Amino acid sequence: MQAINSLHDFFQRSGAEVRLYHLGRRVEPCPLETLAAFEAGELAWPAPWQGSARLAMVFRLGEMDDPLIWFLALPLDEQGHLDPAPRDAFVQRLLETLGRSVQGLGRAEGEQIDNLMKDNPLAFTPSLPFRAVLHARATRDAGLPASEHLEPAEAYLTGQQAIDWRALGLQGLADAAVRLDATTSRAVAARLDALPGEVLTSLCYCLEHVAIDDELAQALRQRGEAAGADGDIETFCACVRAVGGASTEQAGAWFDALLEDPDACGPDLLAAMAGRGWHHLEDAERLPRFLTRLAEAPGTDFMAVARDLALIPRLRLPLLMTLREAEADSAIGRRLADLTR
């Protein structure tokens, strides 16, 4: 049998039923081919987060009844490519746990594999919204019904049923976001102003992982601007994060309006844009303006954010060019000069 040198090799040779999901900036499906090219050194990781490729690996081996889930953060080098040594060590431990054969795996072997996560330096624990959205996506992708929390959540969000919002579960909101159709989206947009802040914020933390239509994006912008005017920064930034899933016409227009106002561009807002709306920064004017506001804002770690964005393949070159071309007396230039002192 051919040697197993990578995670992709393991899934291929073992005959596992596997689905991969990005778990860095957003919860999104990740093709197995992306992992293969990444591990082979042919591809920079497309959605890096804080210097790592964060993945959820949902898989079933042999006679397992329930799938296993690995949460792995694979370290990246400065170019966004895999740092192979930690991955190699994990694969070696995996093979030692199973023995050299991965044929005929059953329930006991599955438990042994799962135990590898307990003291694994690559393992991490996602936040509750990430876990809820992952569960919602994985069950939908597997053709399974949503959780029992979906129905009351949809009934509340669309105004069909008046229930105590405190009884709503985060999983129900995640299921509603992942399974959002045009009719439900329109009903949620119409009711958005009536949602308590706690519900809206939790809903936004789920919506930020899915594509949303223009009508819902506009409603989120209106609610977010109202929250910002009232000094409710958490709700304001949650709406910005959720609108990151809208079209560039919608999200880009709001980002541009916000970046025009230096007083509005605090660390939380800039983090929301960079974390969930990074793809809207791929613009010849918006990216330099964002970096300028980032440099001007007190309390921001300018280089940490810039370095994280530079790992995104499509942003790397324009971001580096913006830094290189910055005037010495500009906000960006002064931040760069501070690094050399």
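Modeller: One definition first: angles between axes under 35 degrees count as roughly parallel, over 145 as roughly antiparallel, 65 to 115 as roughly perpendicular, and the rest as oblique. The model is predicted: local features need pLDDT of at least 70, side-chain atom pairs count only at pLDDT 80 or more, and totals for chains, interfaces and linings use all residues. Residues are numbered from 1 along each chain as its sequence is written, and side-chain values use heavy atoms, with hydrogens and water left out.

Colleague: Why are H14 and H17 called oblique to each other?

Modeller: Helix H14 (residues 286-296) and helix H17 (residues 331-339) pack at an angle of about 55°. That value falls in none of the three named ranges, so the pair is oblique. Their axes are 8 Å apart. Axes are lines fitted to C-alpha atoms, for helices over the stretch in contact, and angles run from 0 to 180 degrees between N-to-C directions.

Colleague: What counts as a helix here, and how many helices and strands are there?

Modeller: Both are DSSP runs numbered from the N terminus: H or I over at least four residues for helices, E over at least two for strands. The chain has 17 helices and 4 strands.

Colleague: Which residues make the contact of H14 with H17?

Modeller: From H14 come Pro288, Leu291, Thr292, Leu294, Ala295 and Glu296, and from H17 come Ala331, Ile332 and Arg335. Contact means heavy atoms within 4.5 Å. By class, these residues are 6 nonpolar, 1 polar and 2 charged. Nonpolar covers Ala, Val, Leu, Ile, Met, Phe, Trp, Tyr, Cys and Pro; charged covers Asp, Glu, Lys and Arg; the others, Gly among them, are polar.

Colleague: What makes H5 and H7 oblique?

Modeller: The axes of H5 (128-141) and H7 (170-178) cross at roughly 50° and come within 8 Å. Again the angle fits none of the three named ranges, so H5 and H7 are oblique.

Colleague: Is each crossing left-handed or right-handed?

Modeller: H14 passes H17 in a left-handed crossing. The crossing of H5 and H7 is right-handed. A crossing is left-handed if the near helix is turned anticlockwise from the far one by less than a right angle, and right-handed if clockwise.

Colleague: Why does His8 count as buried?

Modeller: Buried means under 20% relative accessible area, exposed over 50%, partly exposed in between (1.4 Å probe, protein chains only). His8 has 17%, so it is buried. His8 lies in helix H1 (residues 7-14). Beyond four places away in sequence, His8 touches Leu32, Leu35, Ala36 and Glu39.

Colleague: How do you know that Leu68 is buried and Glu225 partly exposed?

Modeller: Leu68, in strand S4 (residues 68-75), is at 10% and therefore buried. Glu225, in helix H10 (residues 214-229), is at 37%, so it is partly exposed.

Colleague: What covers the buried residues of H14?

Modeller: The cover includes H12, H13, H15, H16 and H17. Among the buried residues of H14 are Arg286, Phe290 and Arg293. Over the whole chain, 50% of the 341 residues count as buried.

Colleague: How do you know that the radius of gyration agrees with a compact globule?

Modeller: The radius is taken over C-alpha atoms, and the rule is 2.2 Å times the number of residues to the power 0.38. For 341 residues the rule gives near 20 Å; the chain has 22 Å, which agrees. The C-alpha trace spans about 60 × 60 × 30 Å along its principal axes.
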